[in-house]
Amino acid sequence: MSRPEDLRWLDAAAALAARGRPLSRPNPAVGAMIVRDGKVVGRGWTQAGGRPHAEAGALAMAGDAAQGATLYVTLEPCAHASARGPSCTSLVLESGLARVVIGVEDPDPRTAGNGIAAMREAGIMAELVPSTAARQSLEGYMTRTALGRPHVTLKLATSLDGRIALADGSSKWITGPEARAHCHVERARADGILVGGGTLRADAPRLDVRLPGLEQRSPQRMVLTRGSAPEGWTAVANIAASGAFGDAQYLFVEGGAQAAATFLAADMVDRLLLYRAPIIVGDGLPCIGDIGLGSLAEAHGRWRNVDRRTLGSDALDVYERVR
C-alpha cells in the first residue's frame with residue numbers, strides 16, 4: 001500500500017535522474033534513492049554509457065544501511081541478464097531491502113513486470129506507484145520504446161509577430177542573452193540536435209553547448225537534407241525512417257521554418273519551446289512553413305501550456321502535445 005511520502009521521494013529520484021540525461025544512452029536515465037528512518041542513505045543515477053545503473057550506485061553508497069530500508073526508483077529495476085553486469089533486480093534481492101517503490105513499469109519486454117514479480121516472490125514489498133515526475137524524466141526512453149523514435153522538442157525564437165529573421169535572412173539576434181543561455185541548457189539535455197539544410201547553408205550554426213562546465217554535453221549534430229552532410233554531422237533524409245536519428249532518445253529541432261513544418265506536419269513534435277522577443281519585425285521570415293492544416297478546427301486542442309517564464313526581456317512558453 002502506497003504511503004503519503006512515496007510520491008515526494010519519487011519526485012526526488014526523478015530530479016536525480018536528470019543528472020544522467022542524455023549521457024546514459026542507450027540506457028534510460030534512471031534515478032534511485034534509498035531511505036531508512038526518513039533519511040537518505042544511498043542515491044544514484046545512471047552513469048555515462050548506461051553503467052553503473054542507478055540502483056547499483058544507490059546500493060553501493062548505502063552498504064549495510066540498505067538493510068530494512070526502502071528503495072525509491074523511477075523505473076522498474078531491470079530483470080534480464082547482461083554481459084555488462086548483474087541485473088538490478090538480482091542486486092535488490094541480495095541487498096536486504098524491505099521495500100521497493102517504483103514510479104514507472106519498464107516497457108522493455110525482458111523486464112516488464114518481471115522485476116516486480118521476482119522481488120515480491122522473494123518477500124520484498126515491491127509497489128508500483130505511478131509518478132508523473134518519474135514518467136516525465138523517462139520521456140525519451142518511453143517514446144523510443146513505444147514509437148521507435150526520440151522524444152522531439154521543437155525550439156522557436158521569434159519576434160512578437162512570429163518572425164525568425166528579417167526579409168534578407170538576418171537573424172542575429174532575435175532574443176537576448178538570457179534566452180540564448182536557456183536554449184543552451186536545453187541543448188545539453190538532448191543527445192541529437194537538428195536544423196534544416198537551408199539553415200545550415202545560410203547560418204553555418206555550431207549547435208554546440210557553450211556554457212561553462214557543460215561543453216561535453218553538446219549533442220550530435222544532424223541536418224535535414226537529401227544530400228550529404230558536412231564532416232561531423234549526420235544527414236537525415238526522411239524523419240519517419242527507422243533509425244533516422246540513431247539511438248538518440250531526445251532530439252532538439254532548432255531551425256528553420258521548413259524543418260519545423262516537416263516535424264509538425266508529421267505530428268512528431270512532443271514539446272514546443274516558444275521564445276518571444278519584445279520586437280516587431282514586419283515583413284520578415286515566418287517561423288513555420290505550411291503544415292497542411294485543413295481548417296482552424298484541426299488546430300485546436302493539440303497543445304497544452306505547461307510553463308511560462310520571463311528570461312531577461314524575452315518570454316518563454318513551453319507547450320506539450322496533447323495525445
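Student: How many cavities of 30 Å³ or more does a search of the whole structure find?
Tutor: The search of the whole structure finds 2. This is a predicted model, where local features need pLDDT of at least 70, side-chain atom pairs count only at pLDDT 80 or more, and totals for chains, interfaces and linings use all residues. Residues are numbered from 1 along each chain as its sequence is written, and side-chain values use heavy atoms, with hydrogens and water left out.

Student: What makes a space a cavity, and what makes it a pocket?
Tutor: Both are sets of points on a 1 Å grid over the protein atoms alone. In a cavity, a 1.4 Å probe fits but cannot get out. A pocket is an open set, with protein on both sides within 12 Å along at least five of seven lines. Rolling a probe the size of a water molecule over the atoms shows where empty space is left.

Student: How is a volume obtained, and what is it for the largest cavity?
Tutor: Grid points are joined across faces, edges and corners, and the volume is the space filled by probe spheres set on the points. For the largest cavity, that gives about 40 Å³. About 40 Å³ also lies in the second largest cavity.

Student: Why is Arg-271 called a lining residue of the largest cavity?
Tutor: A lining residue has an atom within 4 Å of a point, so Arg-271 must meet that limit. Among the others in this lining are Arg-21, Glu-186, Arg-189 and Tyr-250. Strand E11 gives the largest share, 3 residues.

Student: What makes E11 a strand?
Tutor: Strands (E, at least two residues) and helices (H or I, at least four) are DSSP runs, numbered from the N terminus. E11 spans 250-255.

Student: How does the lining of the largest cavity divide by class?
Tutor: It has 4 nonpolar, 1 polar and 4 charged residues. Ala, Val, Leu, Ile, Met, Phe, Trp, Tyr, Cys and Pro count as nonpolar; Asp, Glu, Lys and Arg count as charged; the others, Gly among them, are polar. The second largest cavity has 3 of each class in its lining: 3 nonpolar, 3 polar and 3 charged. Ser-24 and Asn-27 are among its lining residues.

Student: Why is Ser-24 classed as buried or exposed?
Tutor: Buried means under 20% relative accessible area, exposed over 50%, partly exposed in between (1.4 Å probe, protein chains only). Ser-24 has 3% relative accessibility, so it counts as buried. Ser-24 sits in the loop between H1 and E1.

Student: What makes the approach of Ser-24 to Asn-27 a polar contact?
Tutor: The Ser-24 side chain reaches the backbone oxygen of Asn-27 at 2.9 Å. A polar contact is a pair of N or O atoms within 3.5 Å; within protein, one must be able to donate a hydrogen and the other to accept it, and residues adjacent in sequence count only if both atoms are side-chain atoms. At 2.9 Å, the pair lies within that limit.

Student: Which residues does Ser-24 contact beyond its neighbours within four places in sequence?
Tutor: Ala-29, Thr-46, Gln-47, Gly-49 and Gly-50. Contact means heavy atoms within 4.5 Å.

Student: How much space lies in the largest pocket?
Tutor: About 820 Å³. Of its 33 lining residues, Lys-155, Ser-171, Thr-199, Asp-203 and Glu-254 are the closest to its centre. Helix H7 gives the most to the lining, 5 residues. By class, the lining has 17 nonpolar, 8 polar and 8 charged residues.

Student: Which residues lie nearest the centre of the second largest pocket?
Tutor: Arg-21, Gln-136, Glu-139, Arg-189 and Arg-271, out of 23 lining residues. The pocket holds about 510 Å³. Its lining has 10 nonpolar, 5 polar and 8 charged residues.

Student: What makes a set of residues a nonpolar core?
Tutor: The members are buried Ala, Val, Leu, Ile, Met, Phe, Trp, Tyr and Cys residues, joined through side-chain atoms within 4.5 Å. The largest core has 25 residues, and Ile-34, Leu-71, Val-73, Val-92, Leu-97, Val-100 and Met-119 have the most contacts inside it. Helix H2 gives the most to this core, 4 residues. A second, separate core has 21 residues, including Val-152 and Val-253.

Student: Why does Ala-260 count as buried or exposed?
Tutor: Its relative accessible area is 1%, so Ala-260 is buried. Ala-260 is in helix H9 (residues 257-265). Leaving aside neighbours within four places in sequence, Ala-260 contacts Leu-154, Leu-156, Cys-287 and Ile-288. Other buried residues of H9 include Phe-263 and Leu-264.
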